[in-house]
Amino acid sequence: MGYTDQRFDVNLSILFTELPLVERPAAAAAAGFTAVELWWPWIETPTPAQEELDALKKALEDAGTQLVGLNFYAGRLPGPDRGAVSVPGEESDRFKANVNVAADFAASVGCKALNALYGNRVEGVDPAVQDELALENLVVAARAADRVGAILLIETLNRPESPLYPLVSAPAGIEVVDKVNEATGLGNAKFLLDLYHLAMNDEDLGEVIEKYAAKTGHVQIADKPGRGAPGTGELPLEELLDQLRKAGYQGYVGLEYKAADAAASFAWLPDGARAAR
């Protein structure tokens, strides 16, 4: 067990960001990784030009990297936004316009997991109205994901860093997962279990893993405090990942941490354990 027994992928929206998007897959490959994930890379538009989509696809293929996770359009991320599915008006429209673009791109590169960030509470809008809109949009997203053989991920964030985001506990995320699956009958909505966010919310990580491993579709990690690489903080990440594995989780573990020098930040993981098996 331990780190060498996991399937890691590098989040190219938080690591190697000093490079242009199309150079990041090769950088991850040079560091020994074969799997990567991305937030929606085109912050300004839900519908980028086909040439841009093709360029990213070529970059992934040329580097020999597999995209294993992709966010739907989520607004300005990083930045003030935390998704679009529950935000009425223009942002919700942008999300709808993005759903098939993101799903089709995922299909074109063999990506099997699409993450839909819920979106912040909006001042002056009834939370119940936002939740109704979110469910409507998530049902559309789940069907689009299913069409391309992918799962839909629902992510909880943390209250200190995302005070306006309503899903800031594992049970809150699981409740949305269950509602989407009930509405679609597809069963392809899953929980994105981010150990950093859950730890920032002071949740009992062992209990969360025990309860929800079976509903988990993707895992992300960073150490706490500081959101740095494993070993820079206080979280027993190796033990927690072992516990997830014992609980039956077989999927990828996304490295979604901050590092001034991405290549140097992987020292905690032996070279031979970086290629996803």
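# Close-up views of the predicted model

**View 1. Strands E3 and E4 pair in the parallel sense.** Strand E3 and strand E4 (residues 113-115) are joined over 2 bridges in the parallel sense. The model shown here and in the following views is a predicted one. Leu70 stands opposite Leu114 of E4. The connection from E3 to E4 passes through helix H3 (residues 90-109), and this β-α-β crossover is right-handed.

**View 2. Strand E3 is mostly covered and also pairs with strand E2.** Of the 6 residues of strand E3 (residues 66-71), 5 are buried. Strand E2 (residues 35-38) runs parallel to E3, and 4 bridges join the two. In this pairing, Leu38 is the residue opposite Leu70 of E3. The chain passes from E2 to E3 by way of helix H2 (residues 50-63) in a right-handed β-α-β crossover. Leu70 thus appears in both pairings of this strand, facing Leu38 and Leu114.

**View 3. A salt bridge lies within helix H2.** Lys57 and Glu61 form a salt bridge whose closest N and O atoms are 3.1 Å apart. Both residues belong to helix H2 and are 4 residues apart, about one turn of the helix. Lys57 counts as partly exposed because its relative accessibility is 25%, and Glu61 counts as partly exposed because its relative accessibility is 48%. The structure holds 14 salt bridges.

**View 4. Helix H5 also carries a salt bridge.** Within helix H5 (residues 170-184), Lys179 and Glu175 are 4 residues apart, about one turn of the helix. Their salt bridge has its closest N and O atoms 3.4 Å apart. With a relative accessible area of 44%, Lys179 is partly exposed; Glu175, with a relative accessible area of 45%, is partly exposed as well.

**View 5. A cis peptide bond and a salt bridge are shown for residues 76, 77, 78 and 81**. The peptide bond from Leu77 to Pro78 is cis, with omega near 0°. Pro78 lies in the loop between E3 and H3. Arg76 forms a salt bridge with Asp81, and the closest N and O atoms of this pair are 3.0 Å apart. The partners differ in exposure: Arg76 is partly exposed because its relative accessibility is 45%, whereas Asp81 is buried because its relative accessible area is 16%. A network of salt bridges links Glu90, Glu91 and Arg94.

**View 6. Glu203 is buried without a salt bridge.** Glu203 is placed in the loop between helix H6 (195-200) and helix H7 (205-212). Although buried, Glu203 has no salt bridge; Lys211, the nearest side chain of opposite charge, is 8.6 Å away. Leaving aside residues up to four places away in sequence, Glu203 touches Val168, Ser169, Ala170, Pro171, Leu198 and Val208. Asp202 lies in the loop between H6 and H7 as well and has a positive phi of about 60° although it is not a glycine. Asp202 is exposed because its relative accessible area is 66%.

**View 7. Leu205 is a buried residue of helix H7.** Leu205 lies in helix H7. Its relative accessible area is 10%, and Leu205 is therefore buried. When residues up to four places away in sequence are not counted, Leu205 touches Leu195, Leu198, Ala199, Leu235 and Leu240. Leu198 is one of the contacts of Leu205 and also one of the contacts of Glu203. Leu205 and Val180 are 25 residues apart along the chain, and their C-alpha atoms are separated by 24 Å.

**View 8. The loop between strand E7 and helix H8 contains a cis peptide bond and a positive phi**. Pro225 lies in the loop between strand E7 (216-221) and helix H8 (237-246). The peptide bond leading from Lys224 to Pro225 is cis, with omega near 0°. Arg227 is found in the loop between E7 and H8, and its phi is near 55°, a positive value in a residue other than glycine. These features stand out because most residues other than glycine have a negative phi and most peptide bonds are trans. With a relative accessible area of 11%, Arg227 is buried.

**View 9. The annotated domain spans residues 26-269**. An unreviewed UniProt entry lists these residues as "domain: Xylose isomerase-like TIM barrel". The span is 42% helix and 14% strand, and its end C-alpha atoms lie 19 Å apart.

Definitions and conventions: Residues numbered from 1 in each chain as written. Predicted model: local features only at pLDDT ≥ 70, side-chain atom pairs only at ≥ 80, totals over all residues. Heavy atoms only, no water. Buried < 20%, exposed > 50% of the residue type's maximum accessible area, 1.4 Å probe, protein only. Lys, Arg positive; Asp, Glu negative; His and termini not counted. Salt bridge = Lys/Arg side-chain N within 4 Å of Asp/Glu carboxyl O. Contact = heavy atoms within 4.5 Å. UniProt positions renumbered as here; feature names shortened; annotations may be inferred. Pairing = 2+ DSSP bridges. Right-handed = clockwise from strand over helix to strand, strands pointing away.
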